[in-house]
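This report describes how a ligand is held and how some strands pair. Please keep the sequence and the structure in view while reading.

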Amino acid sequence: MPVLREIGLLATCAPRGAQSEIHPISHAALVWENDTIRWVGKEVDLPEQYSGWEGKTAGGNLVIPGLIDAHTHLAFGGWRAEEFELRILGKSYLEIAESGGGILSTVARTRAATFEELRSRADEHLQGMARLGITTVEAKSGYGLSLEHELRLLQVYRDLADPQRPRIIPTLLAAHVVPPEYRARRAAYIRLIIEQIIPGASGIASFCDVFVEKSAFTIEEGREVLEAGVRHGLQPKLHADQLSDTGGAALAAEIGAVSADHLERVSDSGIEKLAAAGVVAVSLPLASLYLAAAPIPARRLIEAGVSVAVATDFNPGSAPSYHLPFALTLACTLQRMTPAEALKGATIIAARALGVEHDTGSLEAGKRADFAIVKAPSVEHWLYQLTENACQLTVASGREIWRVA
Ligand code: NIG
Ligand code: FE
């Protein structure tokens with residue numbers, strides 16, 4: 001059984017304390033057996049019983065919990081590079097959506113793709129994530145928008161379950177936008193979601209998500225869909241208060257959502273409600289960067305007592321990158337989170353946003369052996385000096401899923 005020695009700094013990211021407290025251990029060692037961490041501490045304190053175990057070296061580098069991307073739209077057809085330029089030329093995300101681009105153009109491309117095309121592209125992205133130190137990925141449907149096509153996306157995720165890949169946690173996002181064939185009958189689409197798509201996704205997806213926005217679904221529609229999800233065992237999540245403050249945060253608090261995501265436009269009363277209800281805020285700084293929009297008020301959220309996760313929002317429109325470490329650097333610069341707060345936001349707090357904090361997100365005995373070796377002397381240095389990839393080794397459930405050549 002392996003012992004990782006010569007760890008310059010190990011960020012345990014244990015859940016206790018403030019978001020800024022990552023509970024680091026210098027000159028550390030880490031012991032795991034099969035898929036489970038057995039011991040973490042200072043190398044000089046390594047218990048005798050492990051001293052004969054197979055040794056590996058971290059070369060004096062930083063060791064962090066496997067990163068968790070708590071918000072992605074992993075499987076989709078095509079790309080939307082043309083919209084990138086349109087936005088530079090002055091068109092807004094909503095104007096592009098209204099003129100037939102945006103989410104609906106990806107829906108058309110996703111429906112036209114074969115299962116195998118969707119699967120192999122998502123797999124390629126998943127393998128790219130593993131190279132960056134990511135061991136758990138939330139993945140949403142939302143570009144199918146029919147019973148057949150939403151379940152097909154969830155089946156892509158199920159089919160990608162493999163011990164050599166990051167773990168996927170699937171979310172049903174049938175309420176992403178109203179599909180074109182239901183434009184004049186939106187109530188009928190809500191019924192389809194509630195009566196057919198949610199029951200079909202039950203047992204496959206862990207979460208049900210709704211895009212609550214002027215161009216998507218109202219608070220009332222969101223509540224109806226999320227309550228139906230709960231009845232079928234899908235925990236609620238929301239895309240809330242991204243482009244406008246529609247009261248999404250208040251709905252997240254009212255319904256006991258596990259997370260409220262985006263929140264760039266959240267109000268002060270929305271923040272208070274999230275804090276009182278213990279809802280995790282998921283920040284998506286790549287979307288703010290690509291849309292050149294004001295970022296989430298992370299400092300106000302943290303000061304109000306809300307835990308702030310950091311995720312990529314990987315999707316072909318507002319965030320066409322799955323580079324979570326880059327998102328962490330942006331969380332520091334755009335959102336004014338410290339590097340330690342950002343790291344905790346992509347480990348134990350992200351695990352909370354996915355309901356998996358009991359088994360991953362921190363380096364503690366009894367948890368899954370999910371970790372990464374990062375070539376940097378400290379968390380601050382890692383997020384400050386953005387390199388092509390600082391990750392040297394990714395271990396998920398005790399298996400090497402990627403190693404630098
Ligand atoms: O989280 N906000 C809604 N959905 C995605 C964007 C999806 C798209 O543009 O294709 C988001 O940013
Ligand atoms: Fe999203």
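A polar contact is a pair of N or O atoms within 3.5 Å; within protein, one must be able to donate a hydrogen and the other to accept it, and residues adjacent in sequence count only if both atoms are side-chain atoms. The model is predicted, so local features need pLDDT of at least 70 and side-chain atom pairs pLDDT 80 or more, while totals for chains, interfaces and linings use all residues. Residues are numbered from 1 along each chain as written, chains are lettered from A and ligands numbered from 1 in written order, and side-chain values use heavy atoms, without hydrogens and water.

Three side chains make such contacts with oxygen atoms of ligand 1, as tabulated.

| Side chain | Distance to an oxygen atom of ligand 1 |
|---|---|
| Tyr143 | 2.6 Å |
| Asp313 | 2.7 Å |
| Ser318 | 2.7 Å |

Ligand 1 alone exposes 320 Å², of which the protein buries 100%; accessible areas come from the Shrake-Rupley method with a 1.4 Å probe, and for residues only the protein chains shown count as cover.

Around ligand 1 there are 15 residues, and among those that come nearest are Tyr93 and His176; a residue is near if one of its heavy atoms lies within 4 Å. This shell comprises four nonpolar, nine polar and two charged residues. Here Ala, Val, Leu, Ile, Met, Phe, Trp, Tyr, Cys and Pro count as nonpolar, Asp, Glu, Lys and Arg as charged, and the others, including Gly, as polar.
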